[in-house]
Amino acid sequence: MASGTQRAEELSDGIERARELARRGDLQSAIGILEALAERSADPAPAIFEIGNLTKAAGLYDQAEAAFRKVMERYPGSVEAATNLANVLSAKGQAATAIAILRNVQSVVRGNPIVDISLADALFADDRITEALAAYAALAGRYPDYAPVHANRGEALARLGRHAEAIAALDQAAAHDSANPNIMRNRAFSRLAQGDLRAGFADYEARLNTILPAAPVRVNLNAPRWDGTLPLDGPLLVAAEQGLGDEIRFAAALPHLIERAGDVIVECDPRLVELFVDSLPGARVLAYDRRRDGQRPVFDYAHLPDPPAAWIEAGSLPHVLALPDGEPMARRGYMATNRPRAGLLRARLEADARGRPLVGLCWGSGAAERPRQRYYPPLQDWVPLLAGLDAAFVDLQYISSEADRAAFRSLCGIEIIGTDDLDKRNDLSTAAGLAFAMDAVVGVSSSVTALAAAVGTPTVEVTPERTWVPLVDGRDAWLGPLVAAYPDTPGDWRQAMSRALGTLRQVLDPAA
């Protein structure tokens with residue numbers, strides 16, 4: 001029979017193996033190890049608790065909630081389980097319930113920094129940013145050496161658009177935890193928003209640290225990561241990033257790379273292959289082989305026809321190549337389109353436009369998950385823009401949007417031209433042609449606006465606050481045709497829409 005020490009060592013070793021498997025993109029095997037440990041342990045709670053930790057980190061919140069509730073059934077007074085359960089509920093959009101749990105824990109346990117910061121985090125998740133910031137400030141006074149307090153205070157300051165203060169707070173956090181990639185990544189966002197491109201892109205490399213649950217894992221890729229040295233003894237692979245909008249945006253740096261490096265292999269979403277082949281002469285374009293492991297993308301390179309001499313992520317090109325250099329990387333866009341196809345689409349739409357300019361519209365999704373909802377203004381907030389522009393608006397949404405178009409019709413009497421018969425989600429060549437057929441495009445930050453700017457259409461991206469995407473002379477640092485419209489006070493959609501309307505008027509009638 002194993003001694004207590006041996007059982008403790010088996011548990012510790014098993015948990016560490018599970019964590020390593022999860023970091024390598026094999027969450028299911030990690031969970032299998034922990035479930036086996038729980039089954040043969042006299043006390044299964046530590047293994048179940050770790051299942052909760054790993055599934056929470058992977059964004060599998062239902063599984064994480066179930067795990068922490070199991071632990072609490074066995075140990076109702078567990079502060080750690082209650083706190084982690086509250087954090088999961090916040091992530092699921094149930095911040096009010098999380099706040100109630102944490103206030104109850106605080107009534108029993110005083111002076112626990114993890115509980116206290118979790119309560120501030122729940123306030124943040126509930127969009128009570130000012131309250132959260134005040135809580136973080138108080139906690140910073142009580143726990144001056146506790147890095148998460150300064151890090152989360154920095155994130156709250158950034159949310160309020162106070163990026164210089166955010167950077168100072170994140171610097172404090174880094175002084176106490178210099179190896180934390182989340183601190184570096186958030187500092188990158190504020191530095192890039194402030195226009196400090198070189199330092200910002202250097203910090204942005206932290207997004208790739210596999211400690212982060214959404215960082216990519218790449219398997220069967222044995223070449224070294226490229227450090228910018230040329231020439232190379234073989235092709236350079238540009239590895240895809242996750243997110244269609246990021247892929248489209250980051251590809252704006254590829255013409256600069258191809259000019260310098262010559263032999264380049266570009267990996268991308270299968271839906272982009274045709275567009276990239278037509279847009280990036282001289283590059284070999286391959287569809288990626290990707291699966292998901294929770295939030296983490298796992299890219300497999302066993303299918304590559306030729307082994308690369310080196311590789312680099314698409315989002316790291318500005319850092320390695322010191323871009324942009326005085327102007328946006330693709331000042332007029334970079335993506336080629338099927339112009340005859342675009343011409344046919346425009347001719348079809350002009351029949352409904354009655355001589356008015358065509359303006360593509362992407363307003364978001366009513367089905368968006370809570371963390372994304374704040375980026376999508378309520379439909380009524382679009383009305384001043386729609387009513388203030390003498391244009392024919394065209395639905396560019398990827399999803400069927402008939403109900404929303406009917407709502408717009410009811411709100412302001414404006415008929416948005418539907419395009420639901422086009423497969424804009426999967427047939428990106430047609431979606432690109434449709435965007436090219438527009439005189440201008442306006443929308444929330446999405447792959448729709450990125451695609452429109454990539455084909456060279458004047459594009460206005462409406463956001464509730466200054467985002468991290470850096471600007472050069474007021475334009476997207478990657479995609480020059482894209483202008484951002486955001487308010488002075490975060491969340492002020494009225495001002496953001498007013499600015500978007502002013503920009504669109506200038507685009508459509510420069511002489512006005």
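**Close-up 1. Arg354 in the loop between H17 and E8 of the predicted model.** Arg354 has a positive phi of about 50° although it is not a glycine, and its place is in the loop that runs between H17 and E8. With a relative accessible area of 65%, Arg354 is exposed, because exposure begins over 50%.

**Close-up 2. Asp473 in the loop between strands E12 and E13.** Asp473, also not a glycine, has a positive phi of about 55°, and this residue is found between strand E12 (471-472) and strand E13 (475-476). Asp473 counts as exposed at 71% relative accessibility.

**Close-up 3. The cis peptide bonds that precede Pro231 and Pro324.** Leu230 and Pro231 are joined by a cis peptide bond with omega about 0°, and Pro231 lies in the loop between strand E1 (217-219) and strand E2 (236-239). The bond from Leu323 to Pro324 is likewise cis, with omega near -5°, and Pro324 is found in the loop that connects helix H16 (317-321) and helix H17 (339-353).

**Close-up 4. Strand E9 and its pairing with strand E8.** Strand E8 (residues 358-362) pairs with E9 in the parallel sense over 4 bridges, and Val359 stands opposite Phe393 of E9. From strand E9 (residues 392-395), Ala392 and Val394 point one way while Phe393 and Asp395 point the other way, and all are buried. In a regular strand, side chains alternate between the two faces of the sheet.

**Close-up 5. Helix H10 and its buried residues.** Helix H10 (residues 163-176) has 14 residues and reaches 20 Å from its first C-alpha to its last, close to the 20 Å expected at 1.5 Å a residue. His163, Ala166, Ile167, Ala169, Leu170, Ala173 and Ala174 are buried in H10; they cover an arc of only 165° around the axis, which puts them on the same side of H10. These buried residues pack against helix H9 (147-159) and helix H11 (181-194).

**Close-up 6. Val285 and Phe276 in contact.** Val285, in strand E4 (residues 283-287), counts as buried at 14% relative accessibility, because the limit is under 20%. Leaving aside neighbours within four places in sequence, Val285 is in contact with Val266, Cys268, Val273, Phe276 and Val277; the C-alpha atoms of Val285 and Val273, 12 residues apart along the chain, are separated by 6.3 Å. Phe276 is one of the residues that touch the most other members of the largest nonpolar core, which has 92 residues. Not counting residues up to four places away in sequence, Phe276 touches Glu247, Ala251, Val266, Cys268, Val285, Tyr334 and Met335. Apart from the largest core lies another, of 33 residues, among them Val115, Ile117, Ala122 and Ala166.

Terms used: Residues are numbered from 1 along each chain as its sequence is written. This is a predicted model: local features need pLDDT of at least 70, side-chain atom pairs count only at pLDDT 80 or more; totals for chains, interfaces and linings use all residues. Side-chain values use heavy atoms; hydrogens and water are left out. Helices (H or I, at least four residues) and strands (E, at least two) are DSSP runs, numbered from the N terminus. The expected span of a helix is 1.5 Å times one less than its number of residues. Buried means under 20% relative accessible area, exposed over 50%, partly exposed in between (1.4 Å probe, protein chains only). The arc is that of the directions from the helix axis to the C-beta atoms. Contact means heavy atoms within 4.5 Å. Two strands pair if DSSP finds at least two bridges between them. A nonpolar core is a set of buried Ala, Val, Leu, Ile, Met, Phe, Trp, Tyr and Cys residues joined through side-chain atoms within 4.5 Å.
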